[in-house]
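Q: Please take a close look at a single part of this model, the way its strands pair and what lies around them. I am a first-year student, and careful explanations of the terms would help.

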Amino acid sequence: MTSQPQTRAERWALTLAERRGERERTPVAARSGSNSARKVAFGAIVAVVLAAGGYLAFGDFLDRPAAAEGTIDVQSSMAGFTPSEIRVEAGTTAILDWWTDDAAVHLDGGVHTMIAPELGLEEALPAEGRRLVVWQVPDRPGTYDVYCETCCGGKDSPQMHGKIVIEAA
Ligand SMILES: [Cu+2]
């Protein structure tokens, strides 16, 4: 007696059964293995994207050398001065380590400024620049206004004002 299927329908049934059997024989471990390989690949891509984003967000900051010793770190940006309150000692020489990441296109004349007429301060900082401002602090303790007049509305914008606090020596 033969076990060969005789009809077309029987042959099809056999073919389908073989295919089903093939799928079932494929080890579960292999299938989930390729699945976790995909997860690892996805995780790696996510990690690379996050790292690149982090570098773009903080790279400039990380590359920037720390403020020189004895200097006061001051940043100018569209948010104004950071810190917004600069503390110095009366009658001393203060050195401001002044910097900005802003591009020239956002700044009138391509500079941020630092202006405190009462204190004899009138300085400019080129876009994406950094410079030291050596300043002889008057012997007049008190709180003074300082502002930038070359961006974001300048003197008329409260945002562009900071404070200089001169402390008694
Ligand atoms: Cu400015």
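A: pLDDT is the predictor's confidence in each residue, on a scale from 0 to 100, and two residues are in contact if their C-beta atoms, placed from the backbone, lie within 7 Å. This is a predicted model, in which local features need pLDDT of at least 70 and side-chain atom pairs count only at pLDDT 80 or more, while totals for chains, interfaces and linings use all residues. Residues are numbered from 1 along each chain as its sequence is written. The protein chain averages a pLDDT of 81, with 62% of the residues scoring at least 70, but over residues 52-60 pLDDT stays under 50, and there the model has 1 contact beyond four places in sequence.

Turning to the strands (DSSP runs of E, at least two residues, numbered from the N terminus), 4 of them form an open sheet of mixed pairing in the order 2-1-4-7, where pairing requires at least two DSSP bridges between two strands. Strand 2 (80-82) and strand 7 (130-136) are the edge strands, each pairing on one side only. Strand 4 (residues 93-99) runs antiparallel to strand 7 and is joined to strand 7 by 7 bridges; within strand 7, L132 is the bridge partner of D97.

Strand 4 also gives the most to the largest nonpolar core, supplying 3 residues. Such a core is a set of buried Ala, Val, Leu, Ile, Met, Phe, Trp, Tyr and Cys residues joined through C-beta atoms within 7 Å, buried meaning that 20 or more other C-beta atoms lie within 10 Å of a residue's own. This core has 19 residues, and those with the most contacts inside it are V74, W98, V146 and C148.

Key. A residue is buried if 20 or more other C-beta atoms lie within 10 Å of its own, exposed if 12 or fewer, and partly exposed in between; C-beta atoms are placed from the backbone.
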